[in-house]
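This report describes the charged pairs and the nonpolar surface of one protein chain. The sequence and the structure are shown first.

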Amino acid sequence: MIRDRGIAFGVLRHVILLASAAIMLAPFVWMIATSFKPPHEIFAGELTLLPKQWYAYENYREAFVKVPMLRYLLNGVIVTSAIFILQVIVAVPCAYVLAKLDFLGRMLFFVLVLLGLLIPGHVPAIPLYIMLWKAGLLDTYAALIIPSIISVFGIFLMRQFFKTVPDELIQAARLDGLSELGIVWRIMVPAAIPALISFGIFSVVAHWNDYFWPLLVISTRELATPPLGVAYFRNEEAGNDFGPLMAGAVIIIAPLVAAFLLAQRRFIEGMTMSGLKG
């Protein structure tokens, strides 16, 4: 009886997971299918997934012709890479200090990090905008990068991972004459590669898909990030031709999907190990 209940529960669990996955993937599947269809099939009355006439080449060619799609993708790579590298440079030492060094007020600083996680990114948008305007940095790569250099989530995630590193390893490094910064970059960072990959996926996805902040600080189309580029594409099309628009969306999403699939195992490993200790 108990074995039968376990089997039934397992089947029910997989049915729920498969149904949830299907619901989440349905919009993406429809987006890809639409990018393969000619205009008359997109606006046809009947509902079909696969196109009767394949129009993929024309739609994807138009996606690159009507707007500088390669430029938008390059901007996305530049901005997300710079943000992630600078976030790591800031977050890793901060996380090490909070995880492994004893000093007065350490828990207070950690509480402030946790409070920082509760503040939506839109809240400081106005003061950040004014600061960049005063500095003359609007409509530049710096305007896209500087506000995201400090990541409280990155500090929290890396701190949780560093808590799992044995103190004996750090003590041995100190006995060998390594400075605290040497321990951070030569001992902690190599050990934290899974956590860094996990954080990297979160960071890249968040800033690659960010539409709100680039819309505020960028007015030159040549500096547009991928989501803003899609918005420009939508304005160009005026809503009449969704095939190239969906093709552009597929092109922008594809790098994120590929990166996640390649780093999937490390991502799960990093998230799991980062939650072992509080």
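A residue is termed buried when its relative accessible area is under 20%, exposed when that area is over 50%, and partly exposed in between. Arg174, at 27% relative accessibility, therefore counts as partly exposed. The structure discussed here is a predicted model.

**Confidence**

The mean pLDDT of the protein chain is 86, and 90% of the residues score at least 70. Confidence is highest in helix 7 (residues 141–145), at 95, and lowest in helix 15 (residues 264–274), where the mean is 63.

**Salt bridges**

Five salt bridges are found in the whole structure. The table presents some of them, with the separation of the closest N and O atoms.

| Basic residue | Acidic residue | Closest N and O atoms |
|---|---|---|
| Lys66 | Glu62 | 3.8 Å |
| Lys100 | Asp167 | 2.8 Å |
| Arg174 | Glu180 | 3.0 Å |

Lys100 forms its salt bridge with Asp167. Because Lys100 lies in helix 4 and Asp167 in helix 9 (residues 167–175), this pair ties together parts that are 67 residues apart in sequence. The partners are also set apart by their exposure: Lys100 is buried, with a relative accessible area of 14%, whereas Asp167 is partly exposed, at 46%.

The pair formed by Lys66 and Glu62 lies within helix 3 (residues 56–66), where the two residues are four positions apart, about one turn of the helix. Lys66 has a relative accessible area of 38% and is therefore partly exposed. Arg61, Glu62 and Lys66 are linked in a network of salt bridges.

In the pair of Glu180 and Arg174, Glu180 counts as partly exposed, at 31% relative accessibility.

**Surroundings of Lys100**

Lys100 is found in helix 4 (residues 69–100). Besides its salt bridge to Asp167, a polar atom of the Lys100 side chain lies 3.3 Å from the backbone oxygen of Phe162. Leaving aside residues up to four places away in sequence, Lys100 touches Arg106, Phe162, Lys163, Val165, Pro166, Asp167, Ile170, Arg174 and Met188. Arg174, one of these contacts, is itself the salt-bridge partner of Glu180.

**Nonpolar surface**

A nonpolar patch on the surface is formed by Leu25, Phe28, Val29, Trp30, Leu47, Leu49, Leu50 and Trp54, which together have about 870 Å² of accessible area. Among them, Trp30 lies in helix 1 (residues 2–35) and counts as partly exposed, at 35% relative accessibility.

Conventions
Residues numbered from 1 in each chain as written. Predicted model: local features only at pLDDT ≥ 70, side-chain atom pairs only at ≥ 80, totals over all residues. Heavy atoms only, no water. Buried < 20%, exposed > 50% of the residue type's maximum accessible area, 1.4 Å probe, protein only. Polar contact = N/O pair within 3.5 Å; in protein donor to acceptor, adjacent residues only side chain to side chain. Contact = heavy atoms within 4.5 Å. pLDDT = per-residue confidence, 0-100. Patch = residues over 30% accessible without salt bridge, like charges linked within 9 Å, V, L, I, M, F, W, Y side chains within 5 Å. Areas by Shrake-Rupley, 256 points an atom, 1.4 Å probe, with all protein chains shown as cover. Salt bridge = Lys/Arg side-chain N within 4 Å of Asp/Glu carboxyl O.
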